[in-house]
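Hi,

Here's the structure I promised to pass along. Have a look when you get a minute, and my notes on what turned up are just below.

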Amino acid sequence: MQLTSTSTRQFSTQIAANENTVKTALIAEGGGQRGIFTAGVLDAWLSHQYDPFDILIGTSAGSQNLTSFLSRQKGYAKRLIRGLSRHKRFFHVGRSLLGRHIVDLDWYFDKTKEANRRLDFATAEDNAKQREVLFTATNARNRKAYYFNPLAKANHWLEVIKASSALPYLYKQGVPLVTEGCSDTQKPNTDFYLDGGLAAPLPVTEAYKRGARKIVVIRTVDEKFQAQSAWLAKVSALVCVSGHCPKTIDFLLQHEQAYQRELAFLANPPKDVEIVQIFAPEKLQSKLLGSTDGDLRFDYNLGVKAGLSYLNQYTKPLSQKRTASSTDELTAMVSSRATARAQQQNDQALAQ
């Protein structure tokens with residue numbers, strides 16, 4: 001696993017809910033099927049009951065991954081990505097000629113209501129209480145980022161993650177949501193919302209604004225990524241064939257500009273925040289869409305290894321479980337890369 005941090009000093013995270021607590025945030029980036037890397041990281045943490053986070057923010061596929069993390073359904077996100085996201089009913093370019101969705105999110109999320117794929121929303125809601133859980137979405141009208149609380153009564157949890165995942169043009173006009181219960185101060189109203197990655201692709205700044213002073217970011221791009229993302233290149237290639245480039249490119253340019261702002265924040269964060277980024281130790285093989293099952297399995301295993309490596313480097317003991325009443329502490333030491341390399345063989349064995 002590759003970790004980057006703004007500091008190499010020892011630090012500790014107090015889990016007990018009190019005014020002196022250092023807020024810890026988890027950011028789950030989007031990336032379509034590349035989100036299976038994130039699924040691997042989170043499944044590794046579920047295996048060790050690791051969840052010390054006060055703020056959780058997900059974008060697009062990241063919102064889906066955080067939902068299965070909160071529902072404690074280990075392996076759920078992996079199963080959906082390897083199964084439903086590769087099904088011809090989910091993704092078919094030819095449907096655009098018939099005026100239908102290229103990506104059929106309606107079918108995808110309807111399948112999650114079936115008995116063998118049902119999300120445990122009761123458990124997710126219970127684990128989301130007493131902390132901030134937010135999923136990003138982009139307002140199709142004003143193109144601003146909105147942060148929706150899935151516990152708010154105005155919108156169903158499933159509709160919020162659908163909106164957060166609604167790629168522009170590939171899912172037509174977006175998903176209707178009510179703004180009541182999100183961070184916007186305007187009066188409640190219903191608008192259509194698109195993929196959160198357009199306006200808030202990597203909401204690290206938002207976590208900081210909400211008081212987080214330790215921020216863990218699970219990335220689905222290469223550590224050296226600086227300019228145009230794979231997300232932008234892939235969607236551009238898909239939509240320009242249909243002659244709808246102008247409006248779509250506007251959306252994609254907005255995505256890139258928002259991403260660059262977050263990268264600038266990561267490169268020069270305030271002095272009072274500790275930021276840890278989790279990258280894949282090797283190049284991810286999966287793509288936004290159209291990945292092979294072999295590529296998805298490979299990237300999932302990379303995620304498991306990265307999750308275990310993070311635990312080895314940052315936590316002690318691993319079995320500590322987050323509870324609102326706990327007064328214990330998780331002591332974390334930022335290890336050197338030499339130590340990480342020495343632990344690599346052990347991580348690989350655990351990930352099998």
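The largest cavity holds about 330 Å³ of space. Keep in mind that this is a predicted model. Searching the whole structure turned up 4 cavities of 30 Å³ or more.

So who sits around the largest one? Its lining is made up of 27 residues, and Gly32, Ala61, Gln64, Phe90 and Tyr108 are the closest to its centre. Three helices each give two or more residues to that lining: H2 (61-70), H3 (76-83) and H4 (105-111). H2 gives the most, with 5 residues. By residue type, the lining of this cavity splits into 16 nonpolar, 10 polar and 1 charged.

Now for the packing. The largest nonpolar core has 70 residues, and the members that touch the most others are Leu26, Phe37, Trp45, Ile278 and Tyr310. Helix H10 (residues 293-314) is the top contributor to this core, giving 9 residues. There is another core apart from that one, with 22 residues, including Ile55, Tyr147, Val204 and Ile215.

If you want one residue to click on, try Phe37. Leaving out residues up to four places away in sequence, Phe37 touches Ile218 and Arg219, then Ile278, Phe279, Ala280 and Leu284, and also Asp299, Leu302, Gly303 and Ala306. Of those partners, Ile278 is also on the list of core residues that touch the most other members.

Cheers

Definitions and conventions
Residues numbered from 1 in each chain as written. Predicted model: local features only at pLDDT ≥ 70, side-chain atom pairs only at ≥ 80, totals over all residues. Heavy atoms only, no water. Core = buried A, V, L, I, M, F, W, Y, C linked by side-chain atoms within 4.5 Å. Buried < 20%, exposed > 50% of the residue type's maximum accessible area, 1.4 Å probe, protein only. Helix = DSSP H or I, 4+ residues; strand = E, 2+ residues; numbered from the N terminus. Contact = heavy atoms within 4.5 Å. 1 Å grid on protein atoms, 1.4 Å probe; cavity = no way out; pocket = protein on both sides within 12 Å on 5 of 7 lines; lining within 4 Å. Points joined across faces, edges and corners; volume = space filled by probe spheres on them. Nonpolar A, V, L, I, M, F, W, Y, C, P; charged D, E, K, R; others polar.
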